Amino acid sequence: MTCTAVRRFRAFFSYHHRKEAKHDETKICAGAMPGVTKEQIQAAREADLFVYLQSHEPGVLKRDGPNYRHKEHDSLVYVTGKRYWYWNSRGRSINALDYLIQIRGYGLVDAVQTLAGGEIRQMPAYQRTVAKQAQKEPEKKPFTLPWARRCATAAVSYLQRRGISSDVISRCFRKGLFYEARYHGEPVCVFVGKDGAGKAKFACMRSITGNLKKDVYGSDKEFSFCYPPQKPGSRHVAVFEAPIDALSHATLQELEGWKWDGYRLSLGGTSHVALTAFLEHHPEIKRVTLYMDNDLGGLTNARKIKAMLHEDQRFKHIRVGINPPRIGKDYNEKLLHTREQIKDRQLLCRQKQAAVSI
């Protein structure tokens with residue numbers, strides 16, 4: 001069978017598979033599924049997943065700043081400020097019915113009966129209970145920055161060992177985006193994220209001597225670390241997974257003389273929450289470039305974020321590009337490699353000058 005024939009066969013099979021799935025979904029929505037009604041299915045979709053997990057799966061959620069994250073499925077996040085669940089690995093929102101069927105493996109009837117109480121006449125009481133519980137906001141510990149050390153020698157030395165230039169480090173200090181602190185006696189770098197008014201709303205810690213990587217409790221992921229452009233009014237934002245990669249990109253620009261000036265935003269991981277919030281607060285942005293890690297996780301996440309932005313009506317006008325480092329896993333590895341190349345060229349040049357002088 002030729003490659004063209006294979007592609008046609010796959011397209012034919014995929015079309016009919018989607019058609020049959022859509023037909024089955026239409027039957028379900030029409031109430032054709034025995035054991036549940038159309039109203040029960042709709043009620044199950046509208047059930048509060050956060051309340052369900054608290055009552056039926058206690059302990060399965062963990063705090064992630066102001067939000068909650070599923071311990072078994074790390075990409076499943078409950079955004080408390082907007083009261084919705086987002087499945088990062090799939091790039092879409094998720095409801096209680098989706099959760100039981102797609103994650104817990106329930107059949108439709110069992111899932112609906114679990115969420116809707118089995119009989120439709122029981123639904124009003126169930127909904128009243130959910131509404132009452134939903135009114136109770138989870139308690140939030142106030143966000144406070146770790147106490148800054150007067151001398152940041154260890155933190156500066158750490159960034160310099162990672163190849164970050166002195167000018168970039170100094171600019172971070174002046175902007176209040178970086179300093180040194182102690183966490184349980186361990187020296188850490190603290191990277192700060194601020195809102196539009198310049199108030200700190202987020203901070204993440206990176207160990208200077210160990211492997212600690214941790215957000216400060218109460219941090220708002222919507223205001224992640226962002227290295228600003230030299231001149232205000234930029235319409236371009238470069239997106240990275242970690243602050244160290246954003247600073248590495250800024251250093252590479254100094255070393256290689258790029259004519260570019262824009263925001264450098266850290267997602268603090270792979271969640272798109274910081275990017276979405278940034279674009280909401282900066283409607284002037286016309287271009288997003290995703291500088292994610294050059295590995296399977298980074299490339300997959302970059303494609304999902306690109307698709308998410310194209311599907312969102314608010315961001316359809318934005319040009320989105322994907323630009324992983326061509327050398328190394330991330331931009332810090334690329335920076336270190338570039339510095340080694342520069343050092344080798346300088347050494348070769350000195351050796352040639354020495355030979356000529358002899």
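This is a short tour of a predicted model, stop by stop, with something to select at each one.

**Stop 1: helix α4**

Start by selecting residues 96–103, which make up helix α4. Six of its eight residues are buried, so the rest of the structure largely encloses this helix. To see which ones, colour Ala96, Leu97, Asp98, Tyr99, Leu100 and Ile103: those are the buried residues of α4.

Now look at the two ends. At the N-terminal end, show the side chain of Asn95, which acts as a cap: one of its side-chain oxygens lies 3.1 Å from the backbone nitrogen of Leu97. After the helix comes Gly105, with a positive phi near 75 degrees.

**Stop 2: where α3 meets α4**

Keep α4 on screen and add helix α3, residues 49–56. How do people describe two packed helices? They give the angle between the axes and the distance between the axes. Here the axes come within 8 Å and cross at roughly 55 degrees. That makes α3 oblique to α4. For the contact itself, show Leu49, Tyr52 and Leu53 on the α3 side, and Ala96, Tyr99 and Leu100 on the α4 side.

**Stop 3: aromatic rings**

Next, show the aromatic side chains; the structure holds 10 aromatic pairs. Zoom in on Phe173 and Phe178, where the ring centres are 5.1 Å apart and the planes stand at 65 degrees, so this pair is edge-to-face. Which of these two rings belongs to a buried residue? Phe178 is buried, at 1% relative accessible area, while Phe173 counts as partly exposed, at 33%.

Then select Phe50, Tyr68, Tyr78 and Trp85 together, and you have one aromatic cluster.

While you have rings on display, pick Arg171 and Tyr227. Arg171 lies over the face of Tyr227, 5.0 Å from the ring centre.

**Stop 4: Lys201**

Move to strand β8, residues 200–207, and pick out Lys201. Its charged end sits over the ring of Phe223, 5.2 Å from the ring's centre. Is Lys201 buried or partly exposed? At 27% relative accessibility, Lys201 counts as partly exposed.

Now add Asp220. Lys201 and Asp220 are 19 residues apart in sequence, yet their C-alpha atoms are 5.8 Å apart in space. Leaving aside residues up to four places away in sequence, Lys201 touches Phe143, Gly193, Lys194, Asp195, Gly218, Ser219, Asp220 and Phe223.

**Stop 5: Arg149**

Select Arg149, in the loop between α6 (123–134) and α7 (153–161). This arginine is partly exposed, with a relative accessible area of 37%. What does Arg149 touch? Not counting residues up to four places away in sequence, the answer is Glu180, Ala181 and Arg182. If you also pick Pro187, 38 residues apart from Arg149 along the chain, you can draw a line of 9.5 Å between the two C-alpha atoms.

**Stop 6: Ser271**

Finish in the loop between β12 (263–266) and α10 (273–281), where you'll find Ser271. Although it sits in a loop, Ser271 counts as buried, at 7% relative accessibility. Show its side chain along with the backbone of Val273: a polar atom of the Ser271 side chain lies 3.2 Å from the backbone nitrogen of Val273.

Methods: Residues numbered from 1 in each chain as written. Predicted model: local features only at pLDDT ≥ 70, side-chain atom pairs only at ≥ 80, totals over all residues. Heavy atoms only, no water. Phe/Tyr/Trp six-rings, centres within 6.5 Å; stacked < 30°, edge-to-face > 60°. Buried < 20%, exposed > 50% of the residue type's maximum accessible area, 1.4 Å probe, protein only. Lys NZ or Arg CZ within 6 Å of the ring centre and 35° of its normal. Helix = DSSP H or I, 4+ residues; strand = E, 2+ residues; numbered from the N terminus. Polar contact = N/O pair within 3.5 Å; in protein donor to acceptor, adjacent residues only side chain to side chain. Axes fitted to C-alpha atoms, helices over the stretch in contact; angles between N-to-C directions. Parallel < 35°, antiparallel > 145°, perpendicular 65-115°, else oblique. Contact = heavy atoms within 4.5 Å.
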